[in-house]
Amino acid sequence: MHSAVIGLGSFLPPRRVTNEELSALLDTSPEWIESRTGIRTRHWATPGTATGDLAAEAGARAVKSGGLSPDDIDLLILATTTPDHPCPATAPDVASRLGLGPVAAYDISAVCSGFLYALATAHAHIVAGQATNVLVVGAETYSTILNPQDRTTRVIFGDGAGALVLTARQDARASRPGTLLATDLGSDGGQKDLIRIPAGGSRRPTTAEDPPEADRYFQMEGRAVFRQAVLRMSESARRVLARTGWITADVDHLVGHQANVRILTALADHLDIPAKRAVINVDRVGNTSAASIPLALAHAAEQGRFAPGDRVLLAAFGGGLTWASVALTWPDITPL
Ligand code: ACO
């Protein structure tokens with residue numbers, strides 16, 4: 001048994017936030033933000049809109065794009081760093097709202113690598129014969145965990161959601177559009193403090209004491225994360241290429257985690273893949289963490305960049321530290 005992508009959907013909350021708007025609130029400038037990150041705009045959900053709302057929109061679109069009805073889905077995996085509640089998981093609520101019935105549904109937390117962790121896990125369920133059609137969603141509302149005073153994080157992250165439908169397939173000829181060919185997952189918990197929300201979990205519960213205000217928000221050591229991101233993504237991408245039997249010259253499209261345009265350029269450079277083959281949408285959506293890869297796929301597909309059968313290399317990196325890569329051939333689908 002093998003797996004293949006048959007549907008793709010995405011959703012951005014309507015509110016678009018410009019660098020100019022943030023520069024009026026923080027000690028920063030549109031020039032700094034664009035030159036250091038490549039980001040020009042990002043979307044933020046309005047108060048009251050939660051991750052599950054964005055996930056349900058993108059999920060419904062992916063199911064429709066796959067030509068399926070909600071009844072056909074037998075497992076939902078949702079990757080997010082910003083669940084609707086600390087307990088329970090957000091996935092069962094999204095499954096219920098999509099009318100999937102009493103299917104298995106769970107969240108995966110691997111920060112910006114979350115979507116590729118979820119995709120690899122969905123693939124494993126299918127290969128094990130446990131599922132036929134899996135809805136894999138990456139959704140985030142980082143605007144709810146950013147420190148309003150912190151210019152080093154607030155300008156970088158955006159909200160959004162993207163989703164794929166992965167289906168079981170007997171025949172895995174690499175040339176058959178949509179086939180997922182190989183995965184690679186990894187982590188290094190020794191560097192967990194590079195990306196963190198210090199308080200609010202069981203190690204520093206907010207009920208036991210009042211932690212400093214800043215420790216309730218997302219924090220990141222940007223410079224160290226930058227170095228690790230390029231190193232870990234390129235190592236992981238090379239492992240997945242070796243498993244697929246591709247060399248870097250075979251890759252038609254490199255879809256890296258959309259954290260920073262300079263990271264994406266450096267990743268292409270490290271892998272010896274021409275920069276023009278790197279998909280970039282961080283300029284319009286910012287870093288959307290677990291939603292980043294499916295949003296980049298959806299936006300590139302909408303622009304007509306992919307042809308069925310094109311060889312696509314996905315690579316992500318995030319808090320944990322975690323990293324992940326997936327190789328697939330592009331399916332013959334219309335994203336919604
Ligand atoms: N406006 C103006 N100045 C700023 C801003 C800002 N918004 N943010 C930081 N600065 C300042 C810093 O304070 C620093 O000043 P100093 O030299 O006086 O101390 C200076 O700019 C340089 O700071 P650096 O952090 O070295 O800037 P850098 O060029 O590295 O860019 C950035 C920062 C954009 C965060 C970059 O490091 C980066 O992209 N890192 C990787 C982020 C990433 O990949 N995240 C993915 C994983 S995230 C996840 O898993 C959720």
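Let's start with the sheet of five strands. It is an open sheet, and the strand order is E1-E7-E6-E4-E5, with mixed pairing. At its edges are E1 and strand E5, residues 104-108, and each of these pairs on one side only. Going from strand to neighbouring strand, the turn averages 20°, direction ignored. Please keep in mind that this is a predicted model.

One pairing in that sheet is worth following on the screen. E1 and E7 are antiparallel partners, joined over nine bridges. If you want a residue to look for, take Leu-8, whose bridge partner in E7 is Leu-164.

Now the helices on this sheet. H5 lies across E1, strand E4 (75-79), E5, E6 and E7, and it runs at about 20° to E7. H10 lies across E1 and E7, at about 80° to E1. Hold on to H10, as it comes back shortly.

Next, the sheet of four strands. This one is also open, in the order E8-E13-E12-E11, and its pairing is mixed. Strand E8, residues 180-187, and strand E11, residues 253-256, are the edge strands, each pairing on one side only. The twist here averages 10° from one strand to the next.

Within this sheet, strand E12 (residues 311-318) and strand E13 (residues 322-329) run antiparallel and are joined by eight bridges. Ala-315 has Ser-325 in E13 as its bridge partner.

Which helices pack on this sheet? Helix H8, residues 261-271, touches E11 and E12, and its direction makes about 130° with that of E11. Helix H10, residues 292-302, also packs here, touching E11 and E12, with its direction at about 150° to that of E12. So much for H10: it packs on E11 and E12 of the four-stranded sheet, and it lies across E1 and E7 of the other one.

On to the domains. The domain assignment of the protein chain gives domain 1 as 2-169 and domain 2 as 180-329. Their centres, taken over C-alpha atoms, are separated by 14 Å. Domain 1 puts 48 residues into the contact and domain 2 puts in 46 residues.

How much area do domain 1 and domain 2 bury between them? About 3500 Å², and 66% of it is on carbon and sulfur atoms. On the domain 1 side, Cys-112, Leu-116 and Tyr-117 supply 18% of the area buried against domain 2, more than any other three residues.

What about charged and polar links across that boundary? There is one salt bridge between domain 1 and domain 2. Asp-283 and Arg-40 form a salt bridge, and their closest N and O atoms are 3.5 Å apart. Polar contact between the two domains comes to 20 residue pairs, with both residues at pLDDT 80 or more. Several elements give two or more residues to the side of domain 1 that touches domain 2, among them strand E1 (2-11), helix H2 (30-37), helix H5 (114-127) and strand E7 (159-169).

Last item, salt bridges over the whole structure. How many does the structure hold? There are 14 salt bridges. One pair to look at is Asp-53 with Arg-97, where the closest N and O atoms are 2.8 Å apart. This pair links distant parts of the chain, with Asp-53 in helix H3 (residues 51-65) and Arg-97 in helix H4 (residues 91-97), 44 residues apart.

Definitions and conventions. Residues numbered from 1 in each chain as written. Predicted model: local features only at pLDDT ≥ 70, side-chain atom pairs only at ≥ 80, totals over all residues. Heavy atoms only, no water. Pairing = 2+ DSSP bridges. Axes fitted to C-alpha atoms, helices over the stretch in contact; angles between N-to-C directions. Contact = heavy atoms within 4.5 Å. Domains from an automatic or database assignment. Buried area = accessible area lost by both parts, 1.4 Å probe. Salt bridge = Lys/Arg side-chain N within 4 Å of Asp/Glu carboxyl O. Polar contact = N/O pair within 3.5 Å; in protein donor to acceptor, adjacent residues only side chain to side chain.
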